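Student: I should like to work through the reasoning behind some structural labels. May we take them one at a time?

Tutor: Certainly; let us look at the model.

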Amino acid sequence: MQTAKRFFSLEGIDGSGKSTQIDMLIEKLTAEGYSVVKLREPGGAKISERVREILLDASFKGVMGDKTELLLYNAARAQVIHEIIQPALDAGKIVIADRFAWSTFAYQGYARGLGAGMVQKLTELTCGSCFPELTVVLDLTVERSRARTVKRGEAPDRLEQEKADFFERVRQGYLAAAREYPECVAAIDADRSPEEVFGDLYKLIKSRL
Ligand code: ADP
């Protein structure tokens, strides 16, 4: 897989602490003088945000086909690469994405069972060489992550309505990615205080800057 320098992503099931860690990371890197662009997937560009609305719409539960879902995620990603990520990287900025292509590997490829082969082919088409040089997976059990998201008190979206065994497969997909692609995916234990998790995350990111 061809990767892009200074492009990083965070992965993990909902509630694993991605947005918490990204905020800490951006604050620290910005204070150090780096210019950082933050993105959340699916979304980031206007067209991608519109696709996100379709993807997360709870009324499409049981209606949206697995391949439709796979293609929509890739469509949203292609646009955000075109409009935001590639131009930012070309300008020498750091890009940090809250979810990216490894989500598709874990959710659609692994948990939905579409298979790694199909996901990889599409990822090559969508991303080309605009693929994160390092992805950090925040690893947490489904039970622990649920306990954290319940506290948020929001109504679950279409994907959040999946059952625990689906998220367990997602988690296993992420861990498989870290095993199979150690040069660009690292899993860290997210069942610790935000500061402890951040210590590991920061070290990993700084090792690439
Ligand atoms: P994600 O972006 O992966 O869904 P969040 O960063 O939104 O996760 O975290 C989910 C919830 O868990 C939030 O309420 C957040 O404050 C809390 N949280 C985040 N990191 C930790 C942590 N290390 N320990 C305990 N709670 C945490």
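Student: How many bridges join E1 to E4, and do the strands run parallel or antiparallel?

Tutor: This is a predicted model. In it, E1 and E4 run parallel and are joined by five bridges. Two strands pair if there are at least two bridges between them, so E1 and E4 count as paired. Within this pairing, Glu11 stands opposite Val137 in E4.

Student: What makes E1 and strand E3 a pair?

Tutor: Four bridges join E1 to E3, which comprises residues 94-98, and the two run parallel. The requirement is at least two bridges, so E1 and E3 pair as well. Here Ser9 stands opposite Ala97 in E3.

Student: What makes E1 mostly covered?

Tutor: Strand E1 spans residues 4-11, and six of its eight residues are buried.

Student: Why is the pair of Trp102 and Phe131 called edge-to-face?

Tutor: The ring centres are 5.7 Å apart, and the planes stand at 75°. A pair needs centres within 6.5 Å, and planes over 60 degrees apart count as edge-to-face; both conditions are therefore met by Trp102 and Phe131.

Student: Which parts of the chain does this pair tie together?

Tutor: Trp102 belongs to helix H4 (residues 101-111), whereas Phe131 lies in the loop between helix H5 (116-127) and strand E4 (132-139). The pair therefore ties together parts that are 29 residues apart in sequence.

Student: How do you know whether Trp102 and Phe131 are buried or exposed?

Tutor: Trp102 has 4% relative accessibility, and Phe131 has a relative accessible area of 2%. Buried means under 20%, so Trp102 is buried and Phe131 is buried. Ring pairs also link Trp102 and Phe131 with Phe105, Tyr110 and Tyr181 into a cluster.

Student: What kind of aromatic pair do Phe166 and Phe167 form?

Tutor: With 5.3 Å centre to centre and 85° between the planes, Phe166 and Phe167 form an edge-to-face pair. Phe166 is buried at 3% relative accessible area, and Phe167 is buried at 8%.

Student: What places Lys28 over the face of Tyr202?

Tutor: Lys28 is 4.9 Å from the ring centre of Tyr202 and lies over its face. Similarly, Arg77 lies over the face of Phe100, at 5.2 Å from the ring centre. The distance limit is 6 Å, so Lys28 and Arg77 both satisfy it.

Student: Why is Leu89 called buried?

Tutor: Leu89, in helix H3 (residues 66-90), has a relative accessible area of 13%. The cut-off is under 20%, so Leu89 counts as buried. Among the residues Leu89 touches are Phe7, Val95 and Cys130.

Definitions and conventions. Residues numbered from 1 in each chain as written. Predicted model: local features only at pLDDT ≥ 70, side-chain atom pairs only at ≥ 80, totals over all residues. Heavy atoms only, no water. Phe/Tyr/Trp six-rings, centres within 6.5 Å; stacked < 30°, edge-to-face > 60°. Buried < 20%, exposed > 50% of the residue type's maximum accessible area, 1.4 Å probe, protein only. Lys NZ or Arg CZ within 6 Å of the ring centre and 35° of its normal. Contact = heavy atoms within 4.5 Å. Lists of a residue's contacts leave out its neighbours within four places in sequence.
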